[in-house]
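User: Could you walk me through a few of the labels used for this model, and show me the reasoning behind them?
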Amino acid sequence: MAHALQSVEEAADRLRGAGYLASPEIAASAFLADRLEKPILVEGPAGVGKTELGRALAQATGRTLLRLQCYEGLDESKALYEWEYAKQLLYTQLLKDKIAETIAGAGTLSEAAERIAGSEDLFFSERFLLPRPVLAAIRSKDPALLLVDEIDKADPEFEAFLLEVLADSAVTVPELGTVRAVHTPRVVLTSNAARELSDALKRRCLHLYIDFPTAQRELEIVRARVPGVSDQLARKVVAAVQAVRKLDLKKAPSISETLDWVRALTLLNAATLEPQLVADTLSIILKYEADIAKAREHLGYIAGAEYR
Ligand SMILES: Nc1ncnc2c1ncn2[C@@H]1O[C@H](COP(=O)(O)OP(=O)(O)O)[C@@H](O)[C@H]1O
Ligand SMILES: [Mg+2]
């Protein structure tokens, strides 16, 4: 059963129940998108919880999650459905006596082909259809949430196709006809802004920008994701990461890196952060040599940062 969100507070509570700590803006977008039945387009740097929001929102609203990971060259057919080639082949093998009977006595090659063509429908039917996430979301008997992850990685043509599907809540499979959604699926799209998305797509969606979290929210996320972490260490790490983000870096550490750092330091039995320990473990939160070199110049500042 899908659950309709009743208020911004309820959205925040239910997201929390799904393991997601939402900022007030995120909770408001989740509530409005659910009420207005609009897709949410989530943008922001890597690792700030865009994908996770899609997953958590599906859980918070009692919807089946269908996820489409986008990539360059992704096209309609891969997003909609494929024919199960191996199964078709297996059937032709198992049915080869029947097929031989069908074409027995055919005078010419084209006559034999004609007779086989008569059974073509069998091989392009529901039985051999492998629905991909977009079709699966449209056909879903249970209310669904379609997560279109990293839409900016797909080509603009794919975006146009997706817009059409979203507008109609229907897709056409040439061999099977038009499939209409029983329940309009909710949609969450994410983008790392690798390219500018079309105005048409932006117009259709509620827009949500997720930035790096405040220290307070990041601490809550650490507590939720690393149960049992010492409070002192969690505060120290959050303060240190927030300080590192202020350095002029090629790639600032995201929430995933904060969590990795906390887990690593816990394994090392660290109770707090010392400059030497920061130096030894910087590679967990920084992925570029130049960033690590820069952070090394500020070890005292990083280790000394206090949670406020
Ligand atoms: N608000 C949040 N509440 C709980 N965990 C979060 C939150 N934001 C991020 N995370 C954690 O950070 C990790 C990275 O988030 P992810 O959704 O993969 O980032 P993105 O899709 O923006 O690159 C997730 O595995 C999740 O555990
Ligand atoms: Mg992601």
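Analyst: Happy to; we will look at a helix pair and then at a pocket, keeping in mind that this is a predicted model.

User: Why is α6 called oblique to α7?
Analyst: The axes of α6 (residues 96-103) and α7 (residues 109-117) cross at roughly 125°. Angles of 65 to 115 degrees count as roughly perpendicular and those over 145 as roughly antiparallel. The crossing angle fits neither range, so α6 is oblique to α7. The two axes come within 9 Å, and their crossing is right-handed.

User: What makes the contact between α6 and α7?
Analyst: On the α6 side there are I99, T102 and I103, and α7 brings A112, R115 and I116. Contact here requires heavy atoms within 4.5 Å.

User: How do you know which classes the residues in the contact of α6 with α7 belong to?
Analyst: Ala and Ile count as nonpolar and Arg as charged, while Thr falls among the others, which count as polar. The contact therefore has four nonpolar, one polar and one charged residues.

User: Now the largest pocket: what makes up its lining?
Analyst: The lining has 23 residues, and G47, V48, G49, E52 and S256 lie nearest the centre of the pocket. The space inside is about 440 Å³. By class, the lining divides into seven nonpolar, eight polar and eight charged residues.

User: Which helices each supply at least two residues of that lining?
Analyst: They are α3 (50-60), α12 (215-225) and α14 (255-267). Of the lining, α14 gives the most, with four residues.

Technical notes. Residues numbered from 1 in each chain as written. Chains lettered and ligands numbered in written order. Predicted model: local features only at pLDDT ≥ 70, side-chain atom pairs only at ≥ 80, totals over all residues. Heavy atoms only, no water. Axes fitted to C-alpha atoms, helices over the stretch in contact; angles between N-to-C directions. Parallel < 35°, antiparallel > 145°, perpendicular 65-115°, else oblique. Left-handed = near helix turned anticlockwise from the far one by under 90°. 1 Å grid on protein atoms, 1.4 Å probe; cavity = no way out; pocket = protein on both sides within 12 Å on 5 of 7 lines; lining within 4 Å. Points joined across faces, edges and corners; volume = space filled by probe spheres on them.
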